[in-house]
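Reader: Hi, I'd like to go through this structure with you. Could you bring it up so we can chat about it?
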Amino acid sequence: MKKTAFAILSLSAPLIYAASVTGAIDKDIKKTQSNIDAKSREYTKLTSSIGEAAREILAEQEKIKSLDGQIVSLEQDVVRLGEEHKQKNAEVAVIEAQKKKLENERDDLERKLVKILARDMAASKVLSEVDPSEEDDIVKAHLSKSISKTLATYVEKLRSEYVARQKMIAVLEQKIRQIKNSMAELENKKIRLAKTKEERIS
């Protein structure tokens with residue numbers, strides 16, 4: 001009986017030992033699996049963060065590329081508009097000179113008109129005071145009417161020229177305004193270029 005108990009005990013000891021070792025191994029496996037799961041989650045999170053950072057980097061590179069394209073385009077516009085600006089300044093100078101000449105002609109016509117009208121009024125007053133009773137006075141009155149007709153024609157011609165000059169001056173002033181407005185585009189492009197370069201740096 002002692003032998004049987006010893007035999008049973010001898011046989012069950014390795015089983016008990018094996019069971020306890022198996023339990024410890026299971027514990028180690030579970031612990032290792034838990035560590036693997038934790039590391040896997042960390043890796044997934046890290047991969048996600050790296051992917052997000054990569055997308056942000058790519059988006060920033062695209063933005064920089066776009067800004068570089070805008071800068072090149074704006075710089076070309078500024079150079080082109082700078083040349084146009086010089087030409088338009090020269091054009092404005094020519095138009096201003098034409099305008100000044102027309103203004104001088106207009107002022108000269110105005111002086112002539114005032115002078116002629118003043119003379120005509122004075123002559124009319126003198127003649128209206130004279131009673132055309134004598135033959136000489138009748139000739140003078142007839143001559144005065146003839147001169148008045150000629151003067152009226154001349155005054156009308158001067159008036160037409162005056163009006164024409166006024167219209168030409170208005171046209172030139174409109175051209176100058178248009179040119180100056182188009183020249184403002186250069187300043188706007190320069191401002192946009194400066195802002196885009198600033199955005200590119202930041």
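Reader: Let's jump right in. Where is Lys99 found?

Author: Lys99 is in helix H1. Helices here are DSSP runs of H or I with at least four residues, strands are runs of E with at least two, and both are numbered from the N terminus. Before we go on, this is a predicted model, where local features need pLDDT of at least 70, side-chain atom pairs count only at pLDDT 80 or more, and totals for chains, interfaces and linings use all residues. Residues are numbered from 1 along each chain as its sequence is written, and side-chain values use heavy atoms, with hydrogens and water left out.

Reader: Good to know. Is Lys99 buried or exposed?

Author: Lys99 counts as buried because its relative accessibility is 16%. The cut-offs are under 20% relative accessible area for buried, over 50% for exposed and partly exposed in between, with a 1.4 Å probe and protein chains only.

Reader: And what does Lys99 touch?

Author: Not counting residues up to four places away in sequence, Lys99 touches Ile169, Leu172, Glu173 and Ile176. A contact here means heavy atoms within 4.5 Å. From the other side, Ile176 is in contact with Ile95, Glu96 and Lys99, again leaving aside neighbours within four places in sequence.

Reader: Let's zoom out. How many helices and strands does the chain have?

Author: Two helices and zero strands.

Reader: How much of the chain is buried?

Author: Of the 202 residues in the chain, 14% are buried. The accessible surface comes to about 16000 Å², and carbon and sulfur atoms account for 60% of that. Those areas come from the Shrake-Rupley method with a 1.4 Å probe, and for residues only the protein chains shown count as cover.

Reader: What about contacts between residues 24 or more positions apart?

Author: They make up 94% of the chain's contacts with a separation of 6 or more.

Reader: Which residues make up the largest nonpolar core?

Author: There are eight: Val92, Ile95, Leu102, Ile169, Leu172, Ile176, Ile179 and Met183. Helix H1 (2–129) and helix H2 (135–201) each supply at least two residues of this core. H2 gives the largest share, with five residues. A second core of six residues lies apart from it, including Ile71, Leu74, Val78 and Leu193. By nonpolar core I mean a set of buried Ala, Val, Leu, Ile, Met, Phe, Trp, Tyr and Cys residues joined through side-chain atoms within 4.5 Å.

Reader: Now charges. How many salt bridges are there?

Author: The count is 11 salt bridges, where a side-chain nitrogen of Lys or Arg has to be within 4 Å of a carboxyl oxygen of Asp or Glu.

Reader: Which residue does Asp77 pair with in a salt bridge?

Author: Asp77 pairs with Arg80, side chain to side chain, at 3.5 Å from N to O. About one helical turn separates Asp77 and Arg80, because they are three residues apart in helix H1. Asp77 is buried, with a relative accessible area of 15%, whereas Arg80 is partly exposed at 39%.

Reader: How far is Asp77 from Lys190?

Author: Their C-alpha atoms are 9.0 Å apart in space, while Asp77 and Lys190 are 113 residues apart in sequence.

Reader: Nice. What about Glu105, which residue does it form a salt bridge with?

Author: With Lys101, and the closest N and O atoms are 3.7 Å apart. Glu105 and Lys101 are four residues apart in helix H1, so they are separated by about one helical turn. Glu105 is partly exposed at 26% relative accessibility, and Lys101 is exposed at 54%.

Reader: And Asp108, what does its side chain meet?

Author: It meets Arg111 in a salt bridge of 3.9 Å, N to O. Both lie in helix H1, three residues apart, about one turn of the helix. Asp108 is partly exposed at 34% relative accessibility, while Arg111 is exposed at 52%. Elsewhere, Lys99, Glu103 and Glu173 are joined into one network by salt bridges that share partners.

Reader: Last one: where does Tyr162 lie, and what is it in contact with?

Author: Tyr162 lies in helix H2 and is partly exposed, at 21% relative accessibility. Leaving aside neighbours within four places in sequence, Tyr162 is in contact with Arg106, Leu109 and Glu110. The C-alpha atoms of Tyr162 and Glu105 are separated by 8.1 Å, with their positions 57 residues apart along the chain.
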